Amino acid sequence: MHQDKKRVLVKFSGEALAGENGFGIENSILKFIAAEIKTLIQNQIEVGIVIGGGNIIRGVSASKGGLIKRTSADHMGMLATVINAIAIQEALESYGLDVRVQSAIQMEAFCETYIMRRAQRHLEKGRVVIFAAGTGNPYFTTDTTAILRAVEIDAHMVIKATKVDGIYDKDPNKFEDAKFLNTLNYDEAMQDNIKVMDDTAIALAKDNALPIVVCNMFKEGNLLKIIQGDTSLCSIVKN
């Protein structure tokens, strides 16, 4: 990677793709994401993406009744992320971007299999790489996948693009006195009342001193501003 280039990994939740429907994939949101990612590429930023699968199925929820084993439920969740990755690929390509989907599980008919060096090469060539199927293992979230892939591709930061402006000391939708936290360290981010990412993801970020930025994905131009150094619009977890 050239020293003057920035490389980031953006994590989108599957639910965000569903919009108001709460399920499935909303085309207007795909277009919005594509426009935001195109702006980053136009500004010489190398972009990796991890997308969740909660708009289709969540492994934890699917296994709750006891009928479906957790491992199988997580496999279903991984497949959901592949569906979302292909949708984002199509949206990005419709905006003229060069895109590759890399899956942690072999699916040659749909996409490439994840190979770290190949992913890095794609990024160097200005392609967007979407990492699908989680880590390829059950019991790991797509948040953990985002941190893992970011470390592997040597990203400068992970941006968790959400529906809120950042991290609060409690749920701002339930508590009017919730306080916005602009910066916090990894240990603070692991406190029970602060749900940034799961503990496995944060611990991996801490071990690799990888900054986690939490921001509102629905504010136009937000991603670019944050990468360029404007930290007023987000929360940052770092040392």
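Which residues does Leu9 touch, not counting residues up to four places away in sequence? Let me start there. This is a predicted model, by the way.

Leu9 is found in strand β1, residues 6-12. Its contacts include Gly48, Ile49 and Val50. They also include Phe131, Ala146, Arg149, Ala150 and Ile153. The rest of the list is Ala155, Met157, Val158 and Ile159. Buried or exposed? Leu9 has 0% relative accessibility, so it counts as buried. There is a long-range pair here as well. Leu9 and Val129 sit 120 residues apart in sequence. In space, C-alpha to C-alpha, they are 9.3 Å apart.

Now the sheet that β1 belongs to. It is an open sheet of nine strands, with mixed pairing. The order is β4-β3-β5-β2-β1-β6-β10-β11-β9. Which strands stand at the edges? They are β4 and β9, the latter being residues 183-184. Each has a single partner strand, so one side of each is left without a neighbour in the sheet.

Let me walk in from the β4 edge. Strand β4, residues 112-113, pairs with β3 in the parallel sense, over two bridges. Gln102 has Glu112 as its bridge partner in β4. Ser103 stands opposite Thr113 in β4. On to β3 itself, residues 99-103. Four of its five residues are buried, so β3 is largely enclosed by the rest of the structure. β3 also pairs with β5, residues 128-132. That pairing is parallel too, with five bridges. Here the bridge partner of Arg100 is Val129 in β5. You have met Val129 already: its C-alpha is the one 9.3 Å from that of Leu9.

Next, over to β10, residues 212-216. How many of its five residues are buried? Five of the five are, and the strand is mostly covered. A reminder on geometry. In a regular strand, side chains alternate between the two faces of the sheet. So look at each face in turn. Ile212, Val214 and Asn216 are on one side of β10. Val213 and Cys215 are on the other. These residues are all buried, and both faces are covered.

β10 has strands to pair with on either hand. Strand β6, residues 157-162, runs parallel to β10, and five bridges join the two. Thr162 is one residue to find there; its bridge partner in β10 is Asn216. Strand β11, residues 234-237, runs antiparallel to β10, with four bridges between them. Look for a cysteine opposite a cysteine: Cys215 faces Cys234 in β11.

Now the helices. How does α2 lie relative to the sheet? It lies across β1, β2 and β5. Against β2, residues 45-51, α2 runs at about 150°.

α2, residues 27-42, also packs on another helix, α4, residues 70-94. The angle is about 60°, and the axes are 9 Å apart. That makes α2 oblique to α4. The crossing is right-handed. Which residues make the contact? From α2 they are Leu30, Ala34 and Ile37. From α4 they are Ala87, Ile88, Ala91 and Leu92. By class, that contact has seven nonpolar residues, no polar ones and no charged ones.

Last stop, the loops. Two residues here deserve a look at their phi values. Tyr139 is in the loop between β5 and α6, residues 142-152. Its phi is near 70°, positive in a residue other than glycine. Tyr139 counts as exposed, because its relative accessibility is 53%. The second is Ala209, in the loop between α8, residues 199-207, and β10. Ala209 is not a glycine either, yet phi is positive, about 50°. Its relative accessible area is 44%, so Ala209 is partly exposed.

One more loop residue. Where is Arg58? It lies between β2 and α3, residues 59-62, in the loop. Arg58 has a relative accessible area of 45%, so it is partly exposed. Its C-alpha is separated by 9.0 Å from that of Met78, 20 residues apart along the chain.

To recap, we have an open sheet of nine strands. We have a buried Leu9 in the picture. And α2 lies across β1, β2 and β5, with a right-handed crossing over α4. Thanks, over to you.

Methods: Residues are numbered from 1 along each chain as its sequence is written. This is a predicted model: local features need pLDDT of at least 70, side-chain atom pairs count only at pLDDT 80 or more; totals for chains, interfaces and linings use all residues. Side-chain values use heavy atoms; hydrogens and water are left out. Axes are lines fitted to C-alpha atoms, for helices over the stretch in contact, and angles run from 0 to 180 degrees between N-to-C directions. Angles under 35 degrees count as roughly parallel, over 145 as roughly antiparallel, 65 to 115 as roughly perpendicular and the rest as oblique. A crossing is left-handed if the near helix is turned anticlockwise from the far one by less than a right angle, and right-handed if clockwise. Contact means heavy atoms within 4.5 Å. Ala, Val, Leu, Ile, Met, Phe, Trp, Tyr, Cys and Pro count as nonpolar, Asp, Glu, Lys and Arg as charged, and the others, Gly among them, as polar. Buried means under 20% relative accessible area, exposed over 50%, partly exposed in between (1.4 Å probe, protein chains only). Two strands pair if DSSP finds at least two bridges between them.
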